[in-house]
Structure formats: C-alpha cells, structure tokens
Amino acid sequence: MSKVHANISIFVPHLGCPNMCSFCNQRYIARTDEIPDEKAVISAVETAKKSKNYNAENTEIAFFGGSFTAIEKEYMLRLLSAAHKFVLEKSVAGIRISTRPDAINDEILETLKKYGVTAIELGAQSMCDDVLALNKRGHTVNDVINSSCLIKEYGFSLGLQMMTGLYGSNDEKDVYTAKEIVKLKPDTVRIYPTIVLQNTDLANLWCSGAYTPQTLEDAVKLAAKLLLLFKEQNINVIRTGLHTIDTEKYVAGPWHPSFKELCDAEIFYNKAISLLEKQGNYTVFVHPSNISKMIGQKRSNIANLRELGFNCEVKPDITLGEYDLKVLRM
C-alpha cells in the first residue's frame, strides 16, 4: 500500500500571484480571507501535534493557496523561519510549498533550501500551451519543464498539480498532460477537476455557454484512468479532487466531498469486469482497506455487477496491493 502523506496546511490566499486565472478564486477554496503570520504557523503545528494519530515522519508544513515564492520576500522569510524551527526539532518531516512554474530560479531555490523546504509543488495545470493561454495562466509549458528540472537538480522533492476539464481542454489533452508530467518524473502529483466558482472568468464563460464543465461521471472516469497511469509509473498521487469549497460560491462542475473514493470505486469496478467471465456467484478479494471501494458508494458496484449477472461477495485479503483484486467463482 502507498505511504500515507499528511500536511499541516497554511493558506496564503492569492498573495504574490501576478494574475487571476480563469478558474481561480483562492479565497473561496481556502475559505479564508485572513493572511497568516508567524503565530498562525506555530498555532497550526502545535494544534496538529496534539492529534492522536500525529506522525512527524510523514507530516509536512505546507504553504498553499497562492504563489509562495512570488510573495514579498520579507514576509515569505518570516513564514519560513516560523516553520523551520519545527523542522530543526524534528516535529515535522519538512516544509512543502506550492508556487507557479514561472516563480522559480536559482536564488529562490537557494533560499528555500536554507530554510528547510523539502518539497516544491508547481501548478502546471496543463501541458498544452493553448489551454494555458485560454485560462490566463501567464506561463508556458517550457516554464513547467525548466522549473521542474531545476527543482530536481537542487534536490527538492518535486510535486506537480494538474487540472482536468479546463476551458479549451478535453480528455485527450488531459491524458497528454498526464503523460508529459510522467516524463518529468515528479515524486508526487495532484489531480484537480475544474470547478466553476463565482466571481471568476470561468463563471462568465459558463453563463454565456462558452464553457461546459465535466459531469461528475466523466470526471471520475478520467481521473480513475489518470490514477492508474501514475500508479504504473510509481508516482504517488497525494490528492484527487479539491479538499473543500465554499458551497455557497459553487456554480458548476464535478465537485464531490468523496471524489477520490468515487475514482477508486471506478477502478475496482473496471478491474472486476475485466476478470469476471460467465454470469454467476463470485467472491472478490481485495486488501482490507479497499473493501468499501470495491463495494462502491451505496453499494453501487455490487448493484451494477448484479445487473450484469454477477453476484459478488467482497472479502479481505491482506496480501493484495493497492489496486489489486482477485476473483473466485463459487
């Protein structure tokens, strides 16, 4: 099974970003308009450390929500200093930051290394220049490639974030993006289906009929395919779907509070279909942690298999891997 990763997330809402992407309203995603200071960093870590299941070895302080390396330098260093102390005392494994591909250079990386940053995530979003331009990203595919290579040269863990269903994109382009990301050999990936929020250019495009978001079903099917693509390349997908949104600001798009569970259920359903042959009664074995995923939400997988003539009982097998299953005809 893949290693569990945990973040102590500090949101720096939309600071430092030189433009507003078509889909972006970070204040609604982060659900805060507050700008964190050193005390907020310390408080977040101390609160997390009190958790019963806290594990310092797999937990990072993570600065998300904006373009961290593009914010005012003095402010960035104050946040890093507050976080670095917890790295030095080994209360956390390191510091993770999220930034733009065009906000990385040698000087920035040397500073991040000095303050204990261990992982850098780039918001690549797409590896198609036409899609980047349409969504007003303000950077190019070459920026993603060059920054990724530089980050790896400095010894940081590289994370890349991609979005599916962007304005001007489609399944073919999204799969292409995933394959181009694989070539950069990141350590981690995040997959975010595009959600339409109020007060964004994308909301205007949606209202005018120029943009049609993915349906939830289509987003799940595509993300399931991408999860397996990255899995086959031993790239750890640490997030699939947004953590949360302000539902009052939600306009359209495939948001679901258990999006990753839906994707996992889709993977197990497809694998079961590929192994089941003649109609009849079967026992399907999966790792104990995957029983609910094989069953599906509201037992949807079991019900759909039954409609096809396959009566399946799901049982645990601790020897099976993350997306493995085996079937036994009864």
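## Exercises on a predicted model

Helices H3 (residues 73-88) and H4 (residues 106-114) pack with their axes 10 Å apart, at an angle of about 30°. The model you are exploring is predicted.

**Exercise 1.** Work out which term describes the direction of H3 relative to H4, and find the residues where the helices meet.

*Solution.* Start with the angle, about 30°. Angles under 35 degrees count as roughly parallel, so H3 is roughly parallel to H4. Next, look at the contact: from H3 come Lys-73, Met-76, Leu-77, Leu-80 and His-84, and from H4 come Glu-107, Thr-111, Leu-112 and Lys-114. Finally, sort these residues by class: four are nonpolar, two polar and three charged.

**Exercise 2.** Trace the open sheet and name its edge strands.

*Solution.* Follow the seven strands in the order E1-E2-E3-E4-E5-E6-E8; their pairing is parallel. At the edges you find E1 (6-11) and E8 (236-240), each pairing on one side only. On average, neighbouring strands are turned by 25° against each other, direction ignored. Now zoom in on one pair: strands E5 (residues 157-164) and E6 (residues 188-193) run parallel and are joined by six bridges. For Leu-160, the bridge partner in E6 is Val-189.

**Exercise 3.** Find the largest cavity and describe its lining.

*Solution.* First, count: there is one cavity of 30 Å³ or more. Then take the volume: the largest cavity holds about 40 Å³ of space. Around this cavity sit Pro-193, Ile-195, Gly-241, Leu-242, Pro-254, Trp-255, His-256 and Phe-259. Last, classify the lining: six residues are nonpolar, two are polar and none is charged.

Key. Residues are numbered from 1 along each chain as its sequence is written. This is a predicted model: local features need pLDDT of at least 70, side-chain atom pairs count only at pLDDT 80 or more; totals for chains, interfaces and linings use all residues. Side-chain values use heavy atoms; hydrogens and water are left out. Axes are lines fitted to C-alpha atoms, for helices over the stretch in contact, and angles run from 0 to 180 degrees between N-to-C directions. Helices (H or I, at least four residues) and strands (E, at least two) are DSSP runs, numbered from the N terminus. Angles under 35 degrees count as roughly parallel, over 145 as roughly antiparallel, 65 to 115 as roughly perpendicular and the rest as oblique. Contact means heavy atoms within 4.5 Å. Ala, Val, Leu, Ile, Met, Phe, Trp, Tyr, Cys and Pro count as nonpolar, Asp, Glu, Lys and Arg as charged, and the others, Gly among them, as polar. On a 1 Å grid over the protein atoms alone, a cavity is a set of points where a 1.4 Å probe fits but cannot get out, and a pocket is an open set with protein on both sides within 12 Å along at least five of seven lines; lining residues have an atom within 4 Å of a point. Grid points are joined across faces, edges and corners, and a volume is the space filled by probe spheres set on the points. Two strands pair if DSSP finds at least two bridges between them.
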